[in-house]
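Biologist: I'd like to learn how to read charged pairs, pockets and cores in a structure. Can you walk me through them with a real case?

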Amino acid sequence: MSWPKPVTRPQWMSEQQYRAFPEQITVREVKVGSRVLVSTLLDPKQVSKNELNELYAMRWHNELDLRNLKTTLGMEVLS
């Protein structure tokens with residue numbers, strides 16, 4: 001599947017950054033259980049559906065651990 005670049009530049013992105021992005025990116029969508037995972041790891045022979053699911057689970061746990069650390073240290077909002 002290909003995702004096109006937005007027609008209009010997002011407010012938070014500079015004109016230079018917007019121009020540097022490709023007109024589209026190719027992604028792989030994989031349904032695992034009730035979730036649809038989207039990845040730029042395109043070759044199913046190199047990275048299986050189950051491996052993508054494991055990567056997602058590891059990433060999810062990392063996010064939860066970081067949230068817990070930030071909360072514990074009173075750093076929920078960083079500026």
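Biologist: Let's start with salt bridges. Which residue forms a salt bridge with Lys-5?

Modeller: The general idea goes like this: side chains of opposite charge can pair when their charged atoms come close. Keep in mind that this is a predicted model. Here the partner of Lys-5 is Glu-23, and their closest N and O atoms are 3.5 Å apart.

Biologist: What does that pair tie together?

Modeller: Look at where the two sit. Lys-5 lies in the loop between S1 and H1, and Glu-23 in the loop between helix H1 (15-20) and S2, so the pair ties together parts that are 18 residues apart in sequence.

Biologist: Is Glu-23 buried or exposed? And what about Lys-5, buried or exposed?

Modeller: Glu-23 is exposed, at 59% relative accessible area. Lys-5 has 16% relative accessibility and counts as buried, because the cut-off for buried is under 20%.

Biologist: How many salt bridges are there in the whole structure?

Modeller: A search finds 4. One of them is between Arg-59 and Glu-63, with 2.8 Å from N to O. These two are 4 residues apart in helix H2 (residues 49-72), so about one helical turn separates them. Arg-59 is exposed, with a relative accessible area of 53%, while Glu-63 is partly exposed at 36%.

Biologist: Which residues do shared salt-bridge partners join into one network?

Modeller: Arg-9, Glu-15 and Arg-19. Within that group, Glu-15 and Arg-9 have their closest N and O atoms 3.2 Å apart. Glu-15 is partly exposed at 39%, and Arg-9 is partly exposed too, at 35%.

Biologist: Okay, now pockets. How do I find one?

Modeller: Rolling a probe the size of a water molecule over the atoms shows where empty space is left. In this model, the largest pocket has a volume of about 150 Å³. Strand S1 (2-4) and strand S2 (24-26) are the elements that give two or more residues to its lining.

Biologist: Which residues line the largest pocket?

Modeller: Among them are Trp-3, Pro-4, Met-13, Tyr-18, Phe-21 and Ile-25. Our salt-bridge friend Lys-5 is in the lining as well. By type, the lining divides into 9 nonpolar residues, 1 polar and 1 charged.

Biologist: Last one: which residues make up the largest nonpolar core?

Modeller: Val-30, Val-32, Leu-37, Val-47 and Leu-52, so 5 residues in all, counted as a core because they are buried and joined through side-chain atoms within 4.5 Å. Take Val-32: leaving aside neighbours within four places in sequence, Val-32 is in contact with Leu-37, Lys-49 and Asn-53.

Note on methods:
Residues are numbered from 1 along each chain as its sequence is written. This is a predicted model: local features need pLDDT of at least 70, side-chain atom pairs count only at pLDDT 80 or more; totals for chains, interfaces and linings use all residues. Side-chain values use heavy atoms; hydrogens and water are left out. On a 1 Å grid over the protein atoms alone, a cavity is a set of points where a 1.4 Å probe fits but cannot get out, and a pocket is an open set with protein on both sides within 12 Å along at least five of seven lines; lining residues have an atom within 4 Å of a point. Grid points are joined across faces, edges and corners, and a volume is the space filled by probe spheres set on the points. Ala, Val, Leu, Ile, Met, Phe, Trp, Tyr, Cys and Pro count as nonpolar, Asp, Glu, Lys and Arg as charged, and the others, Gly among them, as polar. Buried means under 20% relative accessible area, exposed over 50%, partly exposed in between (1.4 Å probe, protein chains only). Contact means heavy atoms within 4.5 Å. A salt bridge is a side-chain nitrogen of Lys or Arg within 4 Å of a carboxyl oxygen of Asp or Glu.
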